Amino acid sequence: MRVLMIAPPGAGKGTQGALIAAHFGIPHIATGELLRDHVARRTDLGLAVQEYLDRGELVPDQVVLDMVREALVAAKAAGGGYVLDGIPRNMQQARAAYQIARELGMIADVALHLDADDAEVIRRLLARAALEHRSDDTAEVIAQRLVLYHQLTAPIIGWYRDRGILVSVDAMRPAQEVGRDILTALEEMWPLLDHGPEPRGRPVDLTTLGEAFGATEPGRASG
Ligand code: ADP
């Protein structure tokens, strides 16, 4: 199963990405997590991108694309499935990610859109800010991330719709319900896919998904 996720910040990409990964036994490649890990380890890349993250700006495309290529090569060795979380964020990234995936013989089967409105994601992100200390979960930076989402990321959704791989899910509901719908939709698509060697999904415990943001373990609540 090869899935990429498009969603505004706070819609639940991190939580649902982890669920999909566990269900299908595939790697969860989260660009925001990878970048924050570099920042925490104070690598050269981390020092170079920290300001972008703190301001809620997109880091340069090439930085993310290089990271994703490396992660996809590893995913290929691990069986070929993946769930991409955090990329693409603009049309250039969508085209470049498609080229990389095509080169590797790993084009996405599904573009999963988690649909949630601004008021709800702002509420969730501010709730998360009280529990975690992500430098970009302040009212001002959240507003900036949402502006970029609407301006650059949301327009890509139509591209996936035209390619016939878009699955849109109402992400305004509790995480468990959203997760159940996603797994049902992906399972229904399974017979239609030219799937690789990874095994069909296995049951996962949906009760581990919290009722809302902040109710799950912090690491799972991002994005
Ligand atoms: P969210 O979706 O809640 O903003 P992420 O963890 O996906 O959280 O991303 C956090 C930050 O990491 C973004 O605001 C941006 O600075 C950077 N980032 C993540 N993915 C990308 C990407 N594909 N292109 C550019 N910047 C990215």
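The exercises below work through the sheet, a helix contact and several salt bridges of a predicted model.

**Exercise 1. The sheet**

Task: Establish in which order the strands of the open sheet lie, and which strands stand at its edges.

Solution:
- Step 1. The open sheet has five strands, and their order is β2-β3-β1-β4-β5.
- Step 2. The strands pair in the parallel sense. In general, the pairing of strands in a sheet runs through backbone hydrogen bonds.
- Step 3. β2 (28-30) and β5 (166-170) each have a single partner strand, so one side of each has no neighbour in the sheet, and these two are the edges.
- Step 4. The average turn between neighbouring strands of this sheet is 20°, direction ignored.

**Exercise 2. The surroundings of β3**

Task: Describe how β3 is paired with β2 and with β1, and decide whether its faces are covered or open.

Solution:
- Step 1. Three bridges link β2 to β3 (residues 82-85), in the parallel sense. Here V83 of β3 lies opposite H28, and D85 of β3 lies opposite A30.
- Step 2. With strand β1 (residues 2-6), β3 makes four bridges, again in the parallel sense. V83 in β3 is the bridge partner of V3.
- Step 3. For the faces, the cut-off needed is that buried means under 20% relative accessible area. Y82 and L84 on one side are buried, as are V83 and D85 on the other. Both faces of β3 are therefore covered.

**Exercise 3. Helices α2 and α4**

Task: Classify the crossing of α2 and α4, and state which residue classes make up their contact.

Solution:
- Step 1. The axes of helix α2 (residues 31-41) and α4 come within 11 Å, with a crossing angle of roughly 105°.
- Step 2. Angles of 65 to 115 degrees count as roughly perpendicular, and α2 and α4 are therefore placed in that class.
- Step 3. On the α2 side the contact holds T31, L34, L35 and H38; on the α4 side it holds V63, V64, M67 and V68.
- Step 4. Sorted by class, the contact comprises six nonpolar and two polar residues, with no charged ones.

**Exercise 4. Salt bridges**

Task: For the pairs R55 with E51, R69 with E103 and E120 with R124, give the N to O distance, the location of the partners and their exposure.

Solution:
- Step 1. The cut-off is a side-chain nitrogen of Lys or Arg within 4 Å of a carboxyl oxygen of Asp or Glu. The count by this rule is 13 salt bridges.
- Step 2. In the pair R55 and E51, the closest N and O atoms are 2.8 Å apart. Both residues belong to helix α3 (residues 44-55) and are four residues apart, about one turn of the helix. R55 is partly exposed, at 42% relative accessibility, while E51 is exposed, at 52%.
- Step 3. For R69 and E103, the closest N and O atoms are 2.9 Å apart. R69 is in helix α4 (residues 61-77) and E103 in helix α5 (residues 91-103), so this pair ties together parts that are 34 residues apart in sequence. R69 has 33% relative accessibility and is partly exposed; E103 has 55% and is exposed.
- Step 4. E120 and R124 form a salt bridge at 2.8 Å, N to O. The two lie four residues apart in helix α6 (residues 118-131), about one turn of the helix. Both E120 and R124 are buried.
- Step 5. One network also arises from salt bridges with shared partners: R128, R134, D136, D137 and R145 are joined in it.

Technical notes: Residues numbered from 1 in each chain as written. Predicted model: local features only at pLDDT ≥ 70, side-chain atom pairs only at ≥ 80, totals over all residues. Heavy atoms only, no water. Pairing = 2+ DSSP bridges. Axes fitted to C-alpha atoms, helices over the stretch in contact; angles between N-to-C directions. Buried < 20%, exposed > 50% of the residue type's maximum accessible area, 1.4 Å probe, protein only. Parallel < 35°, antiparallel > 145°, perpendicular 65-115°, else oblique. Contact = heavy atoms within 4.5 Å. Nonpolar A, V, L, I, M, F, W, Y, C, P; charged D, E, K, R; others polar.
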